[in-house]
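Colleague: Please take a close look at one part for me, the largest nonpolar core. Give the cut-off for each term as you go.

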Amino acid sequence: MSLLSPEYRIALLPDRAGLAAGRKPPVARQAGEGGLRALDDLLTEVQPRARLRVNARVTLSHHHARLYLLPAPSVRLRQREMLPWLRAQLGDALGGGNVAADWRLTWDLPVPGQPILVAAVENALIDGLAATLDRHGLG
């Protein structure tokens with residue numbers, strides 16, 4: 001981390017949020033309305049606004065991300081083919097709705113013949129987090 005590009009490190013849990021910035025001691029807040037509300041309260045208190053947009057690195061607790069270990073596909077898939085295949089594989093596990101609209105999927109690069117680790121996070125959480133960070137000048 002340099003003085004020219006300050007970075008905030010944020011931890012988001014179900015009912016609280018933590019924030020560390022530079023050499024300052026980390027701070028945390030709890031909110032009955034959930035972690036996003038706690039983060040908003042915390043950022044309002046800390047007021048990280050700067051002339052330039054400040055970077056934030058967010059770590060989500062396991063409560064917010066569902067993890068899956070899927071068997072390797074029967075054929076080698078290109079990168080652009082992975083997302084539709086993963087959506088099809090996880091459709092039932094993620095409620096059978098519109099996986100593309102409701103969930104953001106990330107995965108490890110597949111090694112042929114090896115299982116694939118996939119994380120699914122609800123788009124509503126990602127959107128709420130992005131709006132909260134944007135409101136406070138973080139990105």
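Modeller: Here is the whole chain in brief, then the core, then some residues and a pocket.

This is a predicted model, where local features need pLDDT of at least 70, side-chain atom pairs count only at pLDDT 80 or more, and totals for chains, interfaces and linings use all residues. Residues are numbered from 1 along each chain as its sequence is written, and side-chain values use heavy atoms, with hydrogens and water left out.

Start with the whole. The protein chain has four helices and seven strands. These are DSSP runs numbered from the N terminus: helices are H or I with at least four residues, strands are E with at least two. Read from the N terminus, the order is β-β-β-α-β-β-α-α-β-β-α. Along the principal axes, the C-alpha atoms fill a box of roughly 50 × 35 × 20 Å. Of the 139 residues in the chain, 33% are buried. Buried means under 20% relative accessible area, exposed means over 50%, and partly exposed lies in between, with a 1.4 Å probe and protein chains only.

Now the core. A nonpolar core is a set of buried Ala, Val, Leu, Ile, Met, Phe, Trp, Tyr and Cys residues joined through side-chain atoms within 4.5 Å. The largest one holds 18 residues, and Y8, I10, L39, L133 and L138 touch the most other members. Strand 1 (7-12), strand 2 (16-21), helix 1 and helix 4 (123-135) each give this core at least two residues. Helix 1 gives the largest share, four residues. A second, separate core has 13 residues, including L86, L90, I116 and A120.

Take Y8 from the largest core. Contact means heavy atoms within 4.5 Å. Beyond neighbours within four places in sequence, Y8 has contacts that include L19, A20, V46, R57 and L138.

Follow that list to R57. R57 lies in strand 4 (residues 55-60). R57 is partly exposed because its relative accessibility is 47%. Setting aside neighbours within four places, R57 is in contact with E7, Y8, R9 and I10. R57 and E7 are 50 residues apart in sequence, yet their C-alpha atoms are 7.3 Å apart. Across the chain, 53% of the contacts with a separation of 6 or more join residues 24 or more positions apart.

Next, helix 1. D40 is in this helix, residues 35-46. D40 counts as buried because its relative accessible area is 16%. Not counting residues up to four places away, D40 touches T132, R135 and H136. Before helix 1 comes a loop from strand 3 (27-30), and G34 sits in that loop. G34 is buried too, because its relative accessibility is 13%. Outside four places in sequence, G34 is in contact with P14 and D15. G34 and V54 are 20 residues apart along the chain, with 24 Å between their C-alpha atoms.

Last, an open space. A pocket is an open set of points on a 1 Å grid over the protein atoms alone, where a 1.4 Å probe fits, with protein on both sides within 12 Å along at least five of seven lines; lining residues have an atom within 4 Å of a point. The second largest pocket has a volume of about 210 Å³, a volume being the space filled by probe spheres set on the points. It has 13 lining residues, with R76, L77, P110, V111 and P112 closest to its centre.
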